Amino acid sequence: MVEITESPLDHAAITERVRHVNAGAVCTFLGTVREMTGDRRTVALEYEAYPEMAAKKLAELEAEARRRWPLIEVALAHRVGRLELGDVSVVVAVSCPHRGDSFEACRWLIDTLKDVVPIWKRENWADGREEWVHPGLE
Amino acid sequence: MSPTSTIAAIVPAAGASVRMGRPKLLLEFGGRPLIARVVEALVAAGARPVVVVAPPAEAPEGPAVARAAFEAGADVLVPDSRPATMRDSVELAVAELGWADEPPDAVVLTPADSPRLDVSVVERLIAAWRESPGRIVAPTFEGRRGHPIVLPWQLAEAVADLPPDVGVNALIAEHAWKVFEVPIESDAVLVDLDTPQDLERLQGSSAATRTVRLFAIARQLAGGPEVVVALDDPATVADLRRALVEQHPTLGSIADRVRIAVDDEYAEDDAVLPPGATLALIPPVSGGGV
């Protein structure tokens, strides 16, 4: 299951969705809006997606993860639009027979998602400045 | 001139497309009617208001042109009868702007059939005018003068005083010493759309136009969600990068440093662009700290 939405992410419901009687392990990762980056203070974040490609890439990630690990259920959900401090921006939830695979798959999914899925964030800093976060392009 | 000086735009769009044989302003480029693209580029470049003089309501294409312009953000004038010349349309728009409490300090005079009008070019012309607000600013490509043209408000008002059979070009010729030319790297400023041959050239195989979707910093730099580039066919991703740098200088700083997606898939520089493929610039994603 993959999802890109402007609505708040209900991480408990998403976790519940991947639970399964054959699973001995469920691993959920949440990305949340952090206030302090070094000594800079964030007021809010705005996320923008290239929706068609982002949905396609998320689906490809799910398929690849299922090839690599014995996953039972997978949920990848990303929120876009304006997010306030503490809001959940991304949820990765997987269920597997055993915990080792669930940790590995969850870690791989979030790391790869952050590298290949075209969703960008714009920092709204407390000093009033706003900037897109593009690692390597500064 | 204070930085708060206001720039309006005038888009005469009342013509009957006689030579094209069909309403050219409703022809679609990158999925959008031409008139909407032109208005959006002017709005993105900071022109307020953008006044479009549409065909009269009883003209077959009139309501559709007016609606497309309005939805793109223009103030639309619908004359009772079709203005005989482009100059008449300009005069109507100038009169409308003159009614405002505070008329603009300059107008960007933009032919509606500017299929490759570029936000960054309009911005450069406006910037050149701001440096010296008395002058007329015109773009050139390889020495030939093109469009759009930035006219100081006093000169725009003078259109009404021209003899009936004299066009806006005569006014500019009369004030030739005030004209400041801005060389542009692309022939886009010369391209208009009058005949089916023009259209074929624009859409045809020798120099296809491609629409490139923009996101995040790319969208911010270009001032809009997409740009149109002219590109020989066949072309590769590397050709697209070069065309972006040449035709959209505001994207020059990133065009060779971002990934390019073809039909929603990352593509290498030697990949050939299929006809009609969806193209997009993909700046590095937010990734960040592990």
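Which residues does B:A69 touch, not counting residues up to four places away in sequence? Keep that in mind as you look through these close-ups of a predicted model.

**Figure 1. The contacts of B:A69.** Leaving out residues up to four places away in sequence, B:A69 touches B:A13, B:I35, B:A36, B:V39, B:V52, B:A54, B:A74 and B:V76. Several of these names will return in the next view. B:A69 itself is among the residues with the most contacts inside the largest nonpolar core.

**Figure 2. The largest nonpolar core.** Here you can explore a core of 126 residues. Those with the most contacts inside it are B:A13, B:I35, B:V39, B:L42, B:V51, B:V52 and B:A69. Look for helix α1 of chain B, residues 34-44, which gives the largest share of this core, 8 residues. Where does the core lie with respect to domain 1 and domain 2 of chain B? Both domain 1 (7-190) and domain 2 (204-282) give residues to the core, so it lies between them.

**Figure 3. Helix α3 of chain B and its surroundings.** This helix runs over residues 86-99, which makes 14 residues. At 1.5 Å a residue it should span 20 Å, and its end C-alpha atoms are indeed 20 Å apart, so the two values agree. Its buried residues are B:R87, B:S89, B:V90, B:E91, B:L92, B:A93, B:V94 and B:L97. What do they pack against? Their partners in chain B are the strands β1 (7-12), β4 (50-53), β5 (75-77) and β6 (106-109), together with the helices α5 (153-158) and α6 (168-174). As you trace the helix, one rule may help: an α-helix has 3.6 residues a turn, so residues three or four places apart point the same way.

**Figure 4. Chain B as a whole.** Stepping back from the helix, you can find 9 helices and 15 strands in chain B. Of the 290 residues in this chain, 43% are buried. Among contacts in chain B with a separation of 6 or more, 67% are between residues 24 or more positions apart. The mean pLDDT of chain B is 88, and 95% of its residues reach 70 or more. A word of care for any model of this kind: where pLDDT is low, the predicted coordinates should not be read in detail.

**Figure 5. A:T32 in chain A.** Chain A has 3 helices and 9 strands, and along the sequence they follow the pattern β-α-β-β-β-α-β-β-β-α-β-β. Buried residues make up 33% of its 138 residues. Zoom in on strand β2, residues 25-32, to find A:T32. Is A:T32 buried or partly exposed? A:T32 has 13 other C-beta atoms within 10 Å, so it counts as partly exposed. Beyond its neighbours within four places in sequence, A:T32 is in contact with A:G86, A:D87, A:V88 and A:S89. The C-alpha atoms of A:T32 and A:V90 are separated by 7.2 Å, although these residues are 58 residues apart along the chain.

**Figure 6. Where chain B meets chain A.** In this last view, 17 residues of chain B are in contact with 19 residues of chain A. On the chain B side, α8 (216-222) and β15 (279-282) each supply at least two residues. The largest share of that side, 3 residues, comes from α8(B). Sorted by class, the side of chain B that touches chain A has 11 nonpolar, 4 polar and 2 charged residues. For the complex, the predictor gives an ipTM of 0.92 and a pTM of 0.58.

How values were computed: Residues numbered from 1 in each chain as written. Chains lettered and ligands numbered in written order. Predicted model: local features only at pLDDT ≥ 70, side-chain atom pairs only at ≥ 80, totals over all residues. Contact = placed C-beta atoms within 7 Å. Helix = DSSP H or I, 4+ residues; strand = E, 2+ residues; numbered from the N terminus. Nonpolar A, V, L, I, M, F, W, Y, C, P; charged D, E, K, R; others polar. pLDDT = per-residue confidence, 0-100. Buried ≥ 20, exposed ≤ 12 C-beta atoms within 10 Å, placed from the backbone. Core = buried A, V, L, I, M, F, W, Y, C linked by C-beta atoms within 7 Å. Domains from an automatic or database assignment. Expected span 1.5 Å × (residues − 1).
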